[in-house]
Amino acid sequence: MIKKITNNITKYGYFETLKKIIFYPYNFYLYKKKRNFLNLKNAKDRFTEIYKTNYWNNEESVSGPGSTIEITENLRSKLPIVLKKYNINTILDAPCGDFNWMKLFLADNKLTKYIGGDIVPEIIKKNNQLYKNNAVTFVELDIIKESLPECDLMICRDCLIHFSYKDISNFLKNFCNSPIKYLLVTNFRFKNNSHSSNRDIITGDHRVIDLMAKPFNFPSPLFSIKEKDEQNLGSVHMELFDKSQLSSIKN
Ligand SMILES: C[S@@+](CC[C@H](N)C(=O)[O-])C[C@H]1O[C@@H](n2cnc3c(N)ncnc32)[C@H](O)[C@@H]1O
């Protein structure tokens with residue numbers, strides 16, 4: 001506590017630190033109030049509330065700061081390598097969020113079929129109104145428990161970071177029972193000796209996870225695309241796995 005206050009004084013000065021101490025109870029109350037949606041009874045209601053209130057607080061995308069055009073620049077430029085190398089013509093992108101960066105990617109890279117899936121009905125309705133065409137469609141889908149449609153690849157970006165351990169495990173079982181061969185999924189590789197280790201949360205909340213560490217113990221990926229790390233918590237990657245690699249670790 002003392003160390004925290006000293007650090008604050010060094011960083012912000014005496015006056016700002018004093019203000020922070022005085023207003024701490026009020027700011028804590030506001031923080032708790034903002035997170036009231038976590039008391040909603042199911043994941044669909046929680047993510048719908050996140051969508052309706054723009055909880056992730058980004059002007060460009062309701063899917064949050066990780067979904068902007070700028071932050072996805074490297075991903076968009078490297079994704080064609082994966083598609084070519086693994087002969088991928090059809091993609092399930094779930095969750096698709098508001099399709100903010102993917103719309104740019106698909107404008108330059110034509111697929112036989114793209115299905116965007118998300119648990120929030122309003123997102124799906126809007127995406128279909130704006131972007132649906134012969135090759136592109138959007139469906140309401142809960143990736144934890146609903147059947148996943150046939151595709152060569154599933155992209156699951158910035159999603160497991162919002163799931164409890166139990167829901168991550170159920171999603172992995174669901175994926176392994178699906179007809180989809182490859183999974184491209186967000187992973188934070190924690191730095192050696194860093195303070196970070198995996199922890200459980202309520203679905204709808206947020207923390208970063210390292211899929212190679214306990215309790216997930218994923219094997220080495222087939223392919224990896226480094227992303228920009230907007231939170232500076234470790235290096236962020238989209239990692240590619242074959243279903244056969246994951247079947248043996250699901251629990
Ligand atoms: C941070 S956004 C990421 C969206 C997208 N992958 C991207 O890169 O822009 C997370 C999304 O996951 C969706 N979501 C949460 N739980 C889900 C579930 N069980 N099934 C499908 N979508 C889910 C949310 O509604 C939200 O749109």
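The following dialogue explains how several features of this predicted model may be read.

Biologist: Let us begin with the overall layout. Into which domains is the protein divided?

Modeller: There are two entries in the assignment: domain 1 covers residues 2-39, and domain 2 covers residues 65-247. Taken over C-alpha atoms, the centres of domain 1 and domain 2 are separated by 34 Å.

Biologist: How should I read the length of a helix, for instance that of helix H2?

Modeller: One compares the reach from the first C-alpha to the last with the span expected at 1.5 Å a residue. Helix H2, residues 14-34, has 21 residues and reaches 28 Å, close to the expected 30 Å. The helix also has a kink of about 60° at tyrosine 24, shortly before proline 25.

Biologist: What does the comparison give for H7?

Modeller: H7 has twelve residues and reaches 17 Å, close to the expected 16 Å.

Biologist: Which residues of H7 are buried, and what covers them?

Modeller: The buried residues are Asp167, Ile168, Ser169, Phe171, Leu172, Asn174, Phe175 and Cys176. Their cover includes S4, S5 and helix H8 (243-247).

Biologist: Next I should like to understand the nonpolar core. How many residues does the largest one have, and which have the most contacts inside it?

Modeller: A nonpolar core is a set of buried residues of certain types, joined through side-chain atoms within 4.5 Å. The largest here has 32 residues, and those with the most contacts inside it are Leu92, Ile143, Met154, Cys156, Leu160, Phe171 and Phe175. Two or more residues each come from strand S4 (153-156), helix H7 (165-176), strand S5 (182-189) and strand S7 (235-242). H7 gives the most, with five residues.

Biologist: Which residues does leucine 160 touch, beyond its neighbours in sequence?

Modeller: Not counting residues up to four places away, leucine 160 touches Ile168, Phe171, Val185, Arg207, Ile209 and Leu211. Apart from the largest core lies another, of 26 residues, among them Phe105, Leu111, Tyr182 and Phe223.

Biologist: I turn to a single residue. Is aspartate 93 buried or exposed?

Modeller: The test is the relative accessible area, and buried means under 20%. Aspartate 93 has a value of 3%, so this residue counts as buried. Aspartate 93 is found in strand S1, residues 90-93.

Biologist: What does aspartate 93 touch, and with which side chain does its own side chain make a polar contact?

Modeller: Leaving out residues up to four places away in sequence, aspartate 93 touches Met102, Tyr114, Ile115, Gly116, Gly117 and Ile155. The polar contact is with the side chain of tyrosine 114, at 2.6 Å.

Biologist: How does separation along the chain relate to separation in space?

Modeller: The two should be read separately. Aspartate 93 and arginine 157 are 64 residues apart along the chain, and their C-alpha atoms are separated by 8.1 Å. Serine 164 and lysine 110 are 54 residues apart along the chain, and their C-alpha atoms are separated by 35 Å.

Biologist: Where is serine 164 found, and is it buried or exposed?

Modeller: Serine 164 is found in the loop between S4 and H7. Its relative accessibility is 12%, so serine 164 counts as buried. Its contacts, leaving aside neighbours within four places in sequence, are Asp200, Ile201, Thr203 and Arg207.

Biologist: Where do cis peptide bonds occur in this model?

Modeller: To recognise such a bond, one reads the angle omega. The bond from alanine 94 to proline 95 is cis, with omega near 5°, and proline 95 is found in the loop between S1 and helix H5 (102-108). The bond from lysine 214 to proline 215 is also cis, with omega near 0°. Proline 215 is found in the loop between S5 and strand S6 (223-226).

Biologist: Another backbone angle is phi. What is the phi of phenylalanine 99, and what is that of asparagine 217?

Modeller: In reading phi, one notes the sign and the residue type. Phenylalanine 99 has a positive phi of about 65° although it is not a glycine. Asparagine 217, likewise a residue other than glycine, has a positive phi near 55°.

Biologist: Are these two residues buried, exposed or partly exposed?

Modeller: Phenylalanine 99, in the loop between S1 and H5, is buried, with a relative accessible area of 3%. Asparagine 217, in the loop between S5 and S6, counts as partly exposed because its relative accessibility is 42%.

Terms used
Residues numbered from 1 in each chain as written. Predicted model: local features only at pLDDT ≥ 70, side-chain atom pairs only at ≥ 80, totals over all residues. Heavy atoms only, no water. Buried < 20%, exposed > 50% of the residue type's maximum accessible area, 1.4 Å probe, protein only. Helix = DSSP H or I, 4+ residues; strand = E, 2+ residues; numbered from the N terminus. Contact = heavy atoms within 4.5 Å. Expected span 1.5 Å × (residues − 1). Bend = angle between axes of the 7 residues up to and from the residue. Domains from an automatic or database assignment. Polar contact = N/O pair within 3.5 Å; in protein donor to acceptor, adjacent residues only side chain to side chain.
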